[in-house]
Amino acid sequence: MAIATNRMQSRQSVETNEPSMPLTDADVTAELAPAGLRFVERDRAAVRLPPQAANLAASCRYEDGRIDAPPHEVVNLDDPNMTHKINAGWSRLAAESGLWNEGREFLLEVDYSDTSHEPDLAWVCVQLLHEWDVAGSGAAALATHVPEFTALSIDERVLMRTTLWGNGTVSSLVIPSPATVSIIRNYADTMTRSSYYPPNIQQAARTWLYQA
């Protein structure tokens, strides 16, 4: 795939100190296609939950309304039916929580960077097609080895995270109304002052905090 070639070239560029090119919407479109996710557009909302803060979903508490997958949907990495089970658990939880709209559209976190050393996280609007395989697609936008990814409803009422746990299992969880969750808001506040983030990301986090 073209996307794999681009990522390989970017790694070579880092090793040789040569300038490399960030991913384009066309690259991301090609990467997500095998997962059954149709790229609609890169999200340009003026006020949006920072994806960096959204990744703290797995650190949120049950007091925050966190909803975890039931035990039978927690999948071991060595399970021969791993991808099927992850897909089934994610789909059930997404449908029940209201992740996607009537057109089966939602926001997905994607890394536009051409190198893993400096991630460029963004939300993209995608449509879940009738034939899909998110867990088994191998899309680098979702994860390199396991399908670990973050999704958000367009109205920002539902945050979902599919994650790899330290005990070698994978499962999905939901955080309703993430704009009200202190762990997420506190991290976004830290982003506004952290020199790790460039000014545009600091400002985006500040805007979301004050207007969400």
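The expected span of a helix is 1.5 Å times one less than its number of residues. Keep that rule in mind for helix 6 of this predicted model. Helix 6 covers residues 199–211, which makes 13 residues. From first C-alpha to last, helix 6 reaches 18 Å, close to the 18 Å expected.

Now look at which residues of helix 6 are hidden. Gln202, Ala205, Thr207, Trp208 and Leu209 are buried. An α-helix has 3.6 residues a turn, so residues three or four places apart point the same way. The cover over the buried residues of helix 6 includes helix 5 (182–191).

Helix 6 also helps to line a pocket. This is the second largest pocket, with about 410 Å³ of space. Its lining has 18 residues, and Asp43, Pro51, Leu121, Ala122 and Ala204 are the closest to its centre. Helix 3 (51–54), strand 5 (121–128) and helix 6 each supply at least two residues of that lining. By type, the lining residues divide into 11 nonpolar, two polar and five charged.

Two loop residues deserve a look at their backbone. Most residues other than glycine have a negative phi. Arg104 is not a glycine, yet has a positive phi of about 60 degrees. Arg104 sits in the loop between helix 4 (82–97) and strand 4 (105–111). Glu156, also not a glycine, has a positive phi of about 65 degrees. Its loop runs between strand 6 (149–152) and strand 7 (158–164).

Are these two residues buried or partly exposed? Arg104 is partly exposed, with a relative accessible area of 23%. Glu156 is buried, at 12%. The cut-off for buried is under 20%.

Conventions: Residues numbered from 1 in each chain as written. Predicted model: local features only at pLDDT ≥ 70, side-chain atom pairs only at ≥ 80, totals over all residues. Heavy atoms only, no water. Helix = DSSP H or I, 4+ residues; strand = E, 2+ residues; numbered from the N terminus. Buried < 20%, exposed > 50% of the residue type's maximum accessible area, 1.4 Å probe, protein only. Contact = heavy atoms within 4.5 Å. 1 Å grid on protein atoms, 1.4 Å probe; cavity = no way out; pocket = protein on both sides within 12 Å on 5 of 7 lines; lining within 4 Å. Points joined across faces, edges and corners; volume = space filled by probe spheres on them. Nonpolar A, V, L, I, M, F, W, Y, C, P; charged D, E, K, R; others polar.
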